[in-house]
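The exercises below are meant to be worked with the sequence and the model side by side. Try each task before reading the solution that follows.

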Amino acid sequence: MQPLPHHVVQPISHPALRRLLLPCLSVALLAALYAAPAAQATQFYNKGAEAGLPFSLAVRAGDYIFISGQLGTGPGGLVKGFEAQSKQAMENIAAILKGHNLNMDDVVKCTVMLTDMSKWGDFNRIYTGYFRPERLPARSAMGVSALALGGEVEIECIAYLPRRL
C-alpha cells in the first residue's frame, strides 16, 4: 500500500484522541485556509469578466484554486447532448488547470449539478475517465431544475496548488 500524499489527512483511530484532536484540527484547517498572509494574496483570473460575465474563471486563495462552474461549452457555444456536454465541461476544467500548470491529479473536490439525476450513472462513467482510480477527488452531486444556457451538467472544482518556496 502506497503512503497517502502529504496533504491527505490520515484517520484518527483511537476514540479519545479523535474527540480531543478533531476540534483542534478543524480550527487549524480553517485558520490555514482563511488567514492567508499579505504575501499570499488572493488572485482572481477574470477571463469570465473579460467576456462580460459576472464571475472570475478561477480564484486562487492560498494553496487552493477555485474553478467556477463549467458547462459543456466550446467555441461555438453549448455542445449538443448530455454526454458531449459532460465531456466538454471536464475538458474545460482540464484546460483551466493546465493554464495553472496543474492537472486532474491536483483536483481535491468537485461539485456536480445535473438537470436529470437519472443520468448520474452515465455522468460517472465519463467523470471517472478523467481521474486515476487512486486519485478520485471528494465530490457532491445534486439535481437542479435548470442551468445557465440550457445546459444539462455543470461542474465546479477545487484544486490544490501548494506554493513553491
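A residue is called exposed when its relative accessible area is over 50%, and buried when that area is under 20%. The model used here is a predicted one.

**Exercise 1. Backbone angles in two loops**

Determine where Asn-101 is placed, and decide whether Asn-101 is buried or exposed.

*Solution.* Begin with the general expectation, which is that most residues other than glycine have a negative phi. Asn-101 has a positive phi, near 60°, in a residue other than glycine. Next, locate the residue: Asn-101 belongs to the loop between α3 (82-98) and β6 (107-114). Finally, apply the cut-off: the relative accessible area of Asn-101 is 73%, and because exposed means over 50%, Asn-101 counts as exposed.

Now carry out the corresponding steps for Leu-149, stating in which loop Leu-149 is found.

*Solution.* Leu-149 is not a glycine, yet its phi is positive, at about 60°. The loop that holds Leu-149 runs between β7 (138-143) and β8 (153-160). With a relative accessible area of 64%, Leu-149 is exposed, because the cut-off for that class is over 50%.

**Exercise 2. An aromatic cluster**

Find which residues form one aromatic cluster with Tyr-127, and describe the pairs involved.

*Solution.* A pair of aromatic rings is described by the distance of the centres and the angle of the planes. Counting ring centres within 6.5 Å as pairs, the total comes to three aromatic pairs. In one of them, Phe-123 and Tyr-127 lie 5.5 Å apart, centre to centre, with 35° between the planes, and this pair is tilted. Tyr-127 also pairs with Phe-131, again in a tilted arrangement, at 4.9 Å centre to centre and 50° between the planes. Phe-123, Tyr-127 and Phe-131 therefore make up one aromatic cluster under the pairing cut-off of 6.5 Å.

As a further step, consider the surroundings of these rings. Phe-123 and Tyr-127 both belong to helix α4 (residues 120-128), where they are four residues apart, about one turn of the helix. Phe-123 and Tyr-127 are buried, and Phe-131 is buried as well. The ring of Tyr-127 also has the charged end of Arg-139 sitting over it, 4.6 Å from the ring centre.

**Exercise 3. Cysteines**

State how many disulfides a search of the whole structure finds, and classify Cys-110 and Cys-157 as buried or exposed.

*Solution.* A disulfide is a covalent bond between the sulfur atoms of two cysteines. The search of the whole structure finds zero disulfides. Cys-110 has 0% relative accessibility and is buried, while Cys-157, with a relative accessible area of 2%, is likewise buried.

Methods:
Residues numbered from 1 in each chain as written. Predicted model: local features only at pLDDT ≥ 70, side-chain atom pairs only at ≥ 80, totals over all residues. Heavy atoms only, no water. Phe/Tyr/Trp six-rings, centres within 6.5 Å; stacked < 30°, edge-to-face > 60°. Buried < 20%, exposed > 50% of the residue type's maximum accessible area, 1.4 Å probe, protein only. Lys NZ or Arg CZ within 6 Å of the ring centre and 35° of its normal. Disulfide = S-S within 2.5 Å.
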